[in-house]
Amino acid sequence: MLIIHDVADPAVWKDGFDAASGLRKEAGEISYQVLVDHASPNTIVHFSTWQSIDQAKAFFQSDEVAAIRRKLGVKEPEFIYLNEVESGTL
């Protein structure tokens, strides 16, 4: 799962993201990584692994999560649902 967010205030977004960790875990998120665009610090990239794409879609498309995004000043994010082909470390 890859989400690209444009946020009004990265610190406010991060506080809300951290506060929602229990919701995300309960919904099926297994792991995550948060990155910031070097050239645009208000662009947040959230990469995460979920138990299933269906669980991720249900969570991110829910009214509850949409309300949280609005509260945190998130513009409409781009959601990209991915299937892993391969991973590794070099």
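Here a residue counts as buried when its relative accessible area is under 20%, as exposed when that area is over 50%, and as partly exposed in between. Keep that handy for the exercises below, which all use a predicted model.

## Exercise 1: the two sides of helix H1

Work out which residues of H1 are buried and which exposed residues sit on the face turned away from them.

*Solution.*
- Step 1. Pick out the buried residues of H1: they are Trp13, Gly16 and Phe17.
- Step 2. See how they are spread around the helix. They cover an arc of only 105 degrees around the axis, so they end up on the same side of H1.
- Step 3. Now look at the face turned away from that buried side, where you'll find the exposed residues Asp15 and Ala19.
- Step 4. Finally, ask what the buried residues pack against: S1, helix H2 (21-27), S2 and S3.

## Exercise 2: strands side by side

Find out how S3 pairs with S1 and with S2.

*Solution.*
- Step 1. Start with S1 (residues 2-6) and S3 (residues 40-50). They run antiparallel and are joined by five bridges. To see one of these partnerships, go to Ile4, whose bridge partner in S3 is Val45.
- Step 2. Move on to S2 (residues 29-37). This strand also pairs with S3 in the antiparallel sense, over eight bridges. Here Ser31 stands opposite Thr49 of S3.
- Step 3. Check the link between S2 and S3: two residues lie between them, and the two strands form a hairpin.

## Exercise 3: salt bridges

How many salt bridges does the structure hold, and are the residues of each buried or partly exposed?

*Solution.*
- Step 1. The count is two.
- Step 2. Take Lys14 and Asp18, whose side chains meet at 2.6 Å, N to O. They are four residues apart in helix H1 (residues 10-19), so about one helical turn separates them.
- Step 3. Compare their accessibilities with the 20% and 50% limits. Lys14 has 33% relative accessibility, so it counts as partly exposed. Asp18 has 36%, so it is partly exposed too.
- Step 4. Now take Arg24 and Glu29, whose side chains meet at 2.5 Å, N to O. Both of these residues are buried.

## Exercise 4: rings, and a charge over them

Describe the aromatic pairs Trp13 with Phe17 and Phe60 with Phe79, then find the rings that Arg24 sits over.

*Solution.*
- Step 1. You need two values, since a pair of aromatic rings is described by the distance of the centres and the angle of the planes.
- Step 2. A search of the whole structure turns up seven aromatic pairs. In one of them, Trp13 and Phe17 have ring centres 4.8 Å apart and planes at 25 degrees, so this pair is stacked. Both residues lie in helix H1, four residues apart, about one turn of the helix. Trp13 and Phe17 are also both buried.
- Step 3. Phe60 and Phe79 make a tilted pair, with 5.6 Å from centre to centre and 40 degrees between the planes. Phe60 belongs to helix H3 (residues 53-60) and Phe79 to strand S4 (residues 78-80), so the pair ties together parts that are 19 residues apart in sequence.
- Step 4. Phe60 counts as buried because its relative accessibility is 6%, while Phe79, at 23%, counts as partly exposed. Both rings belong to one aromatic cluster, together with Trp50, Phe59 and Tyr81.
- Step 5. Back to Arg24: it lies over the face of Phe17, 3.8 Å from the ring centre. Its charged end also sits over the ring of Tyr32, 5.0 Å from that ring's centre.

## Exercise 5: Val7 and helix H4

Place Val7 in the structure, then sort out the sides of H4.

*Solution.*
- Step 1. Val7 lies in the loop between S1 and H1. Its relative accessibility is 4%, so it counts as buried.
- Step 2. Leave aside its neighbours within four places in sequence, and Val7 is in contact with Trp13, Asn42, Ile44, Gly73 and Val74.
- Step 3. Measure along the chain and then through space: Val7 and Arg69 are 62 residues apart, yet their C-alpha atoms are separated by 9.2 Å.
- Step 4. Arg69 takes you to H4 (residues 63-71), whose buried residues are Val65, Ala66 and Arg69. Their arc around the axis is only 105 degrees, so they share the same side of H4.
- Step 5. On the other side of H4, Asp63, Arg70 and Lys71 are exposed. The buried residues of H4 pack against H3 and S4.
- Step 6. Just after H4 comes Gly73, with a positive phi of about 75 degrees.

Terms used:
Residues are numbered from 1 along each chain as its sequence is written. This is a predicted model: local features need pLDDT of at least 70, side-chain atom pairs count only at pLDDT 80 or more; totals for chains, interfaces and linings use all residues. Side-chain values use heavy atoms; hydrogens and water are left out. Two strands pair if DSSP finds at least two bridges between them. A salt bridge is a side-chain nitrogen of Lys or Arg within 4 Å of a carboxyl oxygen of Asp or Glu. Buried means under 20% relative accessible area, exposed over 50%, partly exposed in between (1.4 Å probe, protein chains only). Rings of Phe, Tyr and Trp (its six-membered ring) pair if their centres lie within 6.5 Å; planes under 30 degrees apart count as stacked, over 60 as edge-to-face and the rest as tilted. A charge sits over a ring if NZ of Lys or CZ of Arg is within 6 Å of the ring centre and within 35 degrees of the ring normal. The arc is that of the directions from the helix axis to the C-beta atoms. Contact means heavy atoms within 4.5 Å.
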